[in-house]
Amino acid sequence: MNKVKIFAGPCALESEEQINEVADVIKSLGLSWIRCGVYKPRISPHSFQGLGDSGLEILKDIDLDIITEVTEPNQIEKVMDTCSAIQIGSRNMYNYALLKEIGKRTGDFPILFKRGMSATISEYLSASEYISSAGNKNIMLCERGIRTFEDATRFTLDISAVPIIHKQTQYPICVDVSHAAGRSDLVPSMAKAAIASGADALMIEVHPNPMKALCDGPQQLNLEQFKVLIDELRTFDKELI
């Protein structure tokens, strides 16, 4: 049976109580990964930017594998000391200096590399070579939707990227269904489509109270919705981890 990683958790770490509540549900479902942002690159400088270093201190007590985003070189070792994988967000796909530093300084530490919102697959794969050529080939690519003229969703999920990347590379691929959808009601259908297309992992945003989330509340599932979705995904011939 093929295994599918589930990177689940809030868009941003907001408090110790919030992250512990989500972590307890993830563990109760037999899953092993939690995702959250402690350094948050936002469009507006007035939006919540994450808890930063104090957020990493909170994460040290979480008994799960943790993935969080690095946005600057001075965060690399701090995240490696606390987390099990580094995420590179879509806004940094073209930040070649950061990609080279991550590749050079992380050894074979797991890297999740998101596609830029306006990048072709060819441009995306070329960007990944900045990481691999600098030394780290332990990369999982992540399709998170691209910007098109369509406005019914936050981005347009390029589901064809999954089989194309499997054909063109040896890298596994994750699908971030929450950012692509921008709406929690679409997340279950898109998650099922991603698994059916052959995705090796899913990224799903989950929050105890999405209506009060400090960022991206409309695309986050609440805890009960997440439990239902995991039950539904387990009807596929996949082992969720």
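This is a short dialogue on reading a predicted model.

Me: Where do I start with a helix such as H4, and which of its residues are buried?

Reply: Start with the repeat. An α-helix has 3.6 residues a turn, so residues three or four places apart point the same way. Now take helix H4, residues 96-105. Its buried residues are Leu98, Leu99, Ile102 and Gly103. They cover an arc of only 135° around the axis, which puts them on the same side of H4.

Me: Which residues are exposed on the other side of H4?

Reply: Ala97 and Lys104 are exposed there.

Me: What do the buried residues of H4 pack against?

Reply: Two helices and two strands. The helices are H3 (76-82) and H5 (121-132). The strands are E4 (85-88) and E5 (111-114).

Me: Which residue with a positive phi follows H4?

Reply: Glycine 107, with a phi near 65°.

Me: Which helix can I practise on?

Reply: Try H8, residues 187-197. Val187, Met190, Ala191, Ala194 and Ile195 are its buried residues. Their arc is only 140° around the axis, so they sit on the same side of H8. Ser189 and Ala196 are exposed, on the face turned away from that buried side. The cover over the buried residues includes strand E7, helix H7 (177-181), strand E8, helix H9 and strand E9 (238-240). Glycine 198 follows H8, and its phi is positive, near 105°.

Me: Which residue has a positive phi although it is not a glycine?

Reply: First the background. Most residues other than glycine have a negative phi. Here, aspartate 216 has a positive phi of about 55°. Look for aspartate 216 in the loop between E8 and helix H9 (223-233).

Me: Let's turn to strands. Which way do the residues of E4 point?

Reply: Ala85 and Gln87 point one way from E4. Ile86 and Ile88 point the other way. All four are buried.

Me: How many bridges join E4 to strand E3, and how many pair E4 with E5?

Reply: Strand E3, residues 65-69, runs parallel to E4, and 3 bridges join them. Isoleucine 67 stands opposite alanine 85 there. E4 also pairs with E5 in the parallel sense, over 3 bridges. In that pair, isoleucine 88 stands opposite phenylalanine 113.

Me: What units do these strands make with their helices?

Reply: E3, H3 and E4 make a right-handed β-α-β unit. E4, H4 and E5 make a right-handed β-α-β unit too.

Me: How many of the residues of strand E8 are buried?

Reply: 5 of the 5 residues of E8 (201-205) are buried, so the strand is largely enclosed by the rest of the structure. Ala201, Met203 and Glu205 point one way, and Leu202 and Ile204 point the other.

Me: Which strands pair with E8?

Reply: Strand E1, residues 2-9, pairs with E8 in the parallel sense over 5 bridges. Phenylalanine 7 has methionine 203 as its bridge partner in E8. Strand E7, residues 173-176, pairs with E8 in the parallel sense over 3 bridges. There, cysteine 174 has alanine 201 as its partner.

Me: What does asparagine 2 touch?

Reply: Asparagine 2 is in strand E1. Leaving out residues up to four places away in sequence, asparagine 2 touches Asp237, Lys238 and Glu239.

Me: Which residues touch the most other members of the largest nonpolar core?

Reply: That core has 78 residues. Ile6, Leu59, Phe113, Leu202, Ile204 and Phe226 touch the most other members. Follow phenylalanine 113. Beyond its neighbours within four places in sequence, its contacts include Ile88, Met93, Leu99, Tyr124 and Ile131.

Me: How many disulfides does the structure have?

Reply: A disulfide is a covalent bond between the sulfur atoms of two cysteines. A search of the whole structure finds 0.

Me: Why is there no bond between cysteine 83 and cysteine 36?

Reply: The sulfur of cysteine 36 is the closest cysteine sulfur to that of cysteine 83, but at 7.1 Å it is too far for a bond. Cysteine 83 is buried, with a relative accessible area of 6%.

Me: Which cysteine sulfur is nearest to cysteine 174?

Reply: That of cysteine 142, 3.9 Å away. The cut-off for a disulfide is within 2.5 Å. Cysteine 174 is in no disulfide. Cysteine 174 is buried, with a relative accessible area of 0%.

Methods:
Residues numbered from 1 in each chain as written. Predicted model: local features only at pLDDT ≥ 70, side-chain atom pairs only at ≥ 80, totals over all residues. Heavy atoms only, no water. Buried < 20%, exposed > 50% of the residue type's maximum accessible area, 1.4 Å probe, protein only. Helix = DSSP H or I, 4+ residues; strand = E, 2+ residues; numbered from the N terminus. Arc of directions from axis to C-beta. Contact = heavy atoms within 4.5 Å. Core = buried A, V, L, I, M, F, W, Y, C linked by side-chain atoms within 4.5 Å. Pairing = 2+ DSSP bridges. Right-handed = clockwise from strand over helix to strand, strands pointing away.
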